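Please open the model in a viewer and keep the sequence panel at hand. The tour below proceeds by selections, each followed by a description of what is found there.

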Amino acid sequence: MRKAKVAIQDTFWKEYSELVRQTVIPYQWEALNDRIEGAEPSYAIRNFRIAAGLEKGEFGGWVFQDSDLYKWLEAVAYSIGNHPDPKLESIADEVIDLIGQAQHENGYVNTYFTIKEPGRQWTNLYEAHELYCAGHMIEAAVAYYHATGKRIFLDIACRFADLIDSLFGTEQGKIQAYCGHQEIELALVKLYNVTGEQRYLNLSSYFINERGNKPSYFVEEWERRERKNIWSQGTPNLEVYQSHLPVREQTVAVGHSVRAVYMYTAMADLARLTNDSSLREACERLWINTTRKQMYITGGIGATHLGEAFTFDYDLPNDTVYAETCASIGLIFWARRMLQLEAKSDYADVMERALYNNVLGSMSKDGQHFFYVNPLEVYPDASEKNPDKHHVKPVRQKWFGCSCCPPNVARLLSSLHDYIYDVTDDGKTVYVHLFIGSELQWVTGDGLQVTVHQRSELPWHGKVEFSISLAGNDAKAPFEIAVRIPQWFQSQDPILKINGEPQHYRKHNGYAKMERAWSDGDTVEWILPLETQLIAAHPLIRPDAGKAAIQRGPLVYCLEQVDNGSPLSSLSFAEEPELREHETPELLGGCITVEVDGLLVDESVWLDNQPYKPLHKNVKPVQLTAIPYYLWGNRQAGEMNVWLRT
């Protein structure tokens with residue numbers, strides 16, 4: 001794709017980019033330094049100071065603790081790239097200097113093995129996350145180089161990547177293995193893109209191609225460790241690590257969901273860059289299975305807390321769900337890479353669904369509390385007292401001992417401008433994937449600079465406008481605009497107007513295409529029918545049988561106890577419910593709520609200590625209030641439901 005410059009200028013998303021810049025990034029810096037009262041400690045900065053010889057002490061936190069700092073640095077890079085901040089850049093430079101001080105002479109960086117298990121590097125690839133942490137360092141270094149032009153962090157990352165390249169591969173004397181948690185693969189692609197070094201791309205391909213070969217490296221390594229593991233006991237579970245089969249033979253999403261989508265992201269990158277049709281076909285098969293049979297309506301993936309994993313097709317429980325924030329972020333990464341393989345609206349639809357619902361819902365409006373797990377049904381007593389639901393929290397947390405998700409949210413939202421458009425290599429087609437107010441600039445194949453201004457009223461209203469500006473206002477610029485046709489409308493096609501006149505448009509892969517010689521000042525209106533609808537689930541999704549969810553445009557809605565009382569399980573939709581939209585500027589920073597006709601089970605007909613009685617329809621009419629799912633849990637702890645009986 002052709003290089004383009006994008007700047008977000010959107011009322012809805014500006015609020016979040018400013019929240020990340022002004023609150024989330026500073027707050028997370030305090031968390032990484034263990035300065036948040038009442039929050040679980042991070043140990044991240046302290047570990048690096050110990051590894052650099054600046055402090056004495058023991059390693060703290062998880063084996064992958066370094067990655068939290070790297071993701072924070074990546075978020076910082078995107079933030080200062082959009083909004084220069086000398087003070088924040090100075091803090092980042094000091095952290096990068098600290099990482100450099102912790103780097104070994106041969107290029108190795110990992111505080112766990114430097115402090116806790118020196119000399120045992122690369123002996124537990126199954127669990128110890130060394131290559132995973134290296135991958136997050138590389139991603140942060142590439143982002144920081146793009147943002148600042150400074151090479152010091154990129155050079156640190158290249159030295160580490162060069163060491164890894166010297167150690168891993170099929171050549172005699174090298175370790176013929178791969179990481180237990182995929183991440184290095186997609187990071188090496190980014191390093192290749194910025195350096196042009198073919199060996200980094202080759203190393204990424206090696207890690208993908210080696211995975212799942214027999215005999216299993218993980219099993220052999222486990223035997224060498226005298227069958228000792230850090231966490232799980234017993235023979236390595238190869239499905240959890242997507243190493244049960246070579247990647248090209250995998251047809252169903254299995255195992256740890258974050259590992260899976262990070263791997264699929266790298267596979268899509270490599271399929272595009274190496275023109276590997278078999279890898280592309282595997283990506284397409286896995287995409288269909290993941291998004292059409294194992295994805296929640298909110299864009300969440302990963303049905304069980306046991307292994308943070310996929311289970312089987314259509315198994316999507318609402319109350320014991322995992323739907324880790326990082327998994328949805330990884331799904332967005334993968335969708336983005338699939339769009340670069342082929343512009344199909346299905347990929348952008350999923351990207352939008354996960355972004356507006358699961359990812360946004362994982363962070364509080366104050367930017368200082370976070371969900372790791374993103375449930376579709378919450379009963380606080382069960383979260384507290386049922387051991388199978390302890391992972392489901394009714395309130396967001398200040399921080400986590402395993403805090404991979406909060407900095408992941410920060411780096412995604414800080415880089416959101418990279419997800420809105422694509423411009424083809426020849427500069428002749430611009431794809432609009434997301435309806436986010438922004439400015440896009442690129443140079444056509446003829447050398448003409450074009451600027452497209454997008455003004456979007458989503459997610460609350462369905463009007464999107466584009467205006468064309470040309471560097472020479474007397475010039476004409478022949479190119480094609482391809483605008484996504486979202487899957488969330490039902491009753492009518494979107495309306496297209498050019499310079500105020502309705503137009504027919506050609507549809508291809510879910511995009512409306514319009515090609516012409518554009519003039520300076522031309523305008524395009526894209527009017528989307530934003531309908532509030534009741535959505536049903538596939539009959540094989542058993543927890544949602546006989547139920548419906550409310551959706552309006554890209555937003556899924558939910559019911560909270562604070563608006564509808566308790567228990568929410570006593571509520572249902574009326575037989576023919578009317579859905580009424582209300583703009584509520586005073587609620588949660590402003591949103592559109594939905595009122596709907598419902599029924600409430602009359603508890604007064606039940607006697608005390610009477611758990612069961614003959615069935616009678618003892619219900620009374622009530623008005624139900626639904627709010628956007630991403631806003632739930634911002635007022636008080638209580639019950640929450642996405643799906644309601646019909």
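Which residue of E16 is the bridge partner of Arg552? The tour returns to this point once the whole chain has been viewed.

**The whole chain**

Begin with the entire protein chain, bearing in mind that this is a predicted model. The chain holds 17 helices and 22 strands. Its radius of gyration is 25 Å, close to the 26 Å that the globule rule gives for 646 residues, so the chain is as compact as a globular protein of that length. Along the principal axes, the C-alpha atoms occupy a box of roughly 80 × 75 × 50 Å. Of the 646 residues, 59% count as buried. Among contacts with a separation of 6 or more, 70% are made by residues 24 or more positions apart.

**Strand E16 and its partners**

Select residues 555-560, which form strand E16. All six can be checked by accessibility: 6 of the 6 residues are buried, so the strand is largely enclosed by the rest of the structure. Leu555, Tyr557 and Leu559 lie on one side of E16, and Val556, Cys558 and Glu560 on the other; both faces are covered.

Next add residues 547-552, strand E15, which is joined to E16 by 2 bridges in an antiparallel arrangement. Here the opening question is settled: Arg552 has Leu555 as its bridge partner in E16. The hairpin of E15 and E16 has 2 residues between the strands, and Gly553 takes a positive phi near 60 degrees in that hairpin.

Then add strand E20, residues 619-628, which runs antiparallel to E16 and is joined to it by 3 bridges. Within this pairing, Pro628 of E20 stands opposite Tyr557. Finally, add strand E21, residues 640-641, also antiparallel to E16 and connected by 2 bridges. Asn641 in E21 is the residue opposite Leu559.

**Ser572 in strand E17**

Move to residues 571-573, strand E17, and pick out Ser572. Is this residue buried or exposed? Its relative accessible area is 9%, under the 20% limit, and Ser572 is therefore buried. Beyond residues up to four places away in sequence, Ser572 touches Gly598, Leu599, Leu624, Leu644 and Arg645.

**The open sheet of five strands**

Select strands E3, E4, E8, E12 and E11, which form an open sheet in that order with mixed pairing. At the edges are E3 (421-423) and E11 (506-508), each pairing on one side only. From one strand to the next, the twist averages 30 degrees.

Which helix packs on this sheet? Display residues 345-361, helix H14: this helix packs on the sheet and touches strand E8 (476-484) and strand E12 (511-519). The direction of H14 makes about 60 degrees with that of E8.

At the E3 edge, look also at strand E4, residues 429-432, which pairs with E3 in the antiparallel sense over 3 bridges. Val423 stands opposite Val430 in E4.

**Two helices in contact**

Two packed helices are described by the angle between their axes and the distance between the axes. Select helix H8 (residues 184-195) and helix H11 (residues 257-274), whose axes come within 8 Å and cross at roughly 40 degrees. On the H8 side the contact is made by Glu185, Leu186, Val189, Tyr192 and Asn193, and on the H11 side by Tyr262, Thr265, Ala266, Asp269, Leu270 and Leu273. Sorted by class, the contact of H8 with H11 has 7 nonpolar, 2 polar and 2 charged residues.

Keep both helices displayed and add helix H9, residues 198-210, in which Ser204 is placed. Ser204 has 0% relative accessibility and therefore counts as buried. Leaving out residues up to four places away in sequence, Ser204 touches Glu185, Leu188, Val189 and Leu270. To compare positions along the chain, select Tyr126 as well: its C-alpha atom is separated from that of Ser204 by 18 Å, and the two residues are 78 residues apart along the chain.

**The largest nonpolar core**

In soluble globular proteins, nonpolar side chains tend to be buried together. For the last stop, select Trp13, Ile99, Phe153 and Trp526, which touch the most other members of the largest nonpolar core, a set of 229 residues. Centre the view on Trp13 and show its contacts: apart from neighbours within four places in sequence, they are Ile8, Leu355, Tyr356, Leu360, Leu413, Leu416 and Ile436.

Note on methods:
Residues numbered from 1 in each chain as written. Heavy atoms only, no water. Axes fitted to C-alpha atoms, helices over the stretch in contact; angles between N-to-C directions. Helix = DSSP H or I, 4+ residues; strand = E, 2+ residues; numbered from the N terminus. Contact = heavy atoms within 4.5 Å. Nonpolar A, V, L, I, M, F, W, Y, C, P; charged D, E, K, R; others polar. Core = buried A, V, L, I, M, F, W, Y, C linked by side-chain atoms within 4.5 Å. Buried < 20%, exposed > 50% of the residue type's maximum accessible area, 1.4 Å probe, protein only. Pairing = 2+ DSSP bridges. Rg over C-alpha atoms; globule rule 2.2 N^0.38 Å.
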